[in-house]
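Visitor: I am new to this structure and would like to learn how to read it. Could you walk me through some of its features?

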Amino acid sequence: MASLTDWLYFRCRHEKIKKALEKALFECEHSVSLNEFYTLYFLSQSEDKALSIQDLAQKVGLSPSATSRMLQQFEHSCGVIMRTTCRTDRRSTFIHLTPLGTERLAIFLKAINPVLERYDADLTALRK
């Protein structure tokens, strides 16, 4: 049974890994935040490389309004995502990964691999 001490240890390790990932992404030629990286990754893993803002918000861990604000800024600054309105329900908006987004994601994945390798033991312990 996990204890508060276990939780606090996990939280500390999580923050350390998160900061290392953020640093690696920031040092890329086209830097992105960790949430922007998650956006590209989740879009790449979805059917048709597109998700609704609500689905994306849930996956990234932000509120729909915070996700929408992040996406608006991200869309206009990089060209890695594109927003479309649903044909059948004009209230729904979908976010699509662009070909440039796929290229940049590959660069970002290469950048974070050393971080993930460095923390492999911690990450493996989390799966148990």
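Visitor: Which side chain meets Glu75 in a salt bridge?

Guide: Let us take the general idea to begin with. Side chains of opposite charge can pair when their charged atoms come close. In this predicted model, the partner of Glu75 is Arg83, with 3.3 Å from N to O.

Visitor: Is Glu75 buried or exposed?

Guide: Glu75 counts as buried because its relative accessibility is 19%, and buried means under 20%. Its partner Arg83 has 27% relative accessibility and therefore counts as partly exposed.

Visitor: How many salt bridges are there by this rule?

Guide: The count comes to two. Besides the pair of Glu75 and Arg83, there is a salt bridge between the side chains of Lys23 and Glu27, at 2.8 Å from N to O. Here both residues, Lys23 and Glu27, are exposed.

Visitor: How many positive and negative side chains does the protein chain have?

Guide: There are 18 positive and 15 negative ones. If you take the centre of each set, the two centres lie 3 Å apart.

Visitor: Now for the surface. Which residues make a nonpolar patch there?

Guide: Look for Leu4, Trp7 and Leu8: they make a nonpolar surface patch of about 340 Å². Leu8 sits in helix H1, which covers residues 4-26. With a relative accessible area of 45%, Leu8 is partly exposed. That value lets Leu8 join a patch, because patches are made of residues with over 30% relative accessible area and no salt bridge.

Visitor: How much area does the protein chain expose?

Guide: About 8,700 Å² is exposed, and 53% of that comes from carbon and sulfur atoms. As for the inside, 34% of the 128 residues in the protein chain count as buried.

Visitor: Let me step back to the whole chain. How many helices and strands are there?

Guide: You will find six helices and three strands in the protein chain. Following the sequence, their order is α-α-β-α-α-β-β-α-α. The C-alpha trace spans about 50 × 35 × 25 Å along its principal axes.

Visitor: And what share of the contacts joins residues 24 or more positions apart?

Guide: Among contacts with a separation of 6 or more, such pairs account for 52%.

Visitor: Where should I look again to review the salt bridges?

Guide: Go back to Glu75 with Arg83, then to Glu27 with Lys23. As you compare them, recall that Glu75 counts as buried, whereas Glu27 and Lys23 are both exposed.

Definitions and conventions. Residues are numbered from 1 along each chain as its sequence is written. This is a predicted model: local features need pLDDT of at least 70, side-chain atom pairs count only at pLDDT 80 or more; totals for chains, interfaces and linings use all residues. Side-chain values use heavy atoms; hydrogens and water are left out. Helices (H or I, at least four residues) and strands (E, at least two) are DSSP runs, numbered from the N terminus. Buried means under 20% relative accessible area, exposed over 50%, partly exposed in between (1.4 Å probe, protein chains only). Contact means heavy atoms within 4.5 Å. Accessible areas come from the Shrake-Rupley method with a 1.4 Å probe; for residues, only the protein chains shown count as cover. Lys and Arg count as positive and Asp and Glu as negative; His and the chain ends are not counted. The place of a charge is taken as NZ of Lys, CZ of Arg, CG of Asp or CD of Glu. A salt bridge is a side-chain nitrogen of Lys or Arg within 4 Å of a carboxyl oxygen of Asp or Glu. Patches are made of residues with over 30% relative accessible area and no salt bridge: like charges are joined within 9 Å, nonpolar side chains (Val, Leu, Ile, Met, Phe, Trp, Tyr) within 5 Å.
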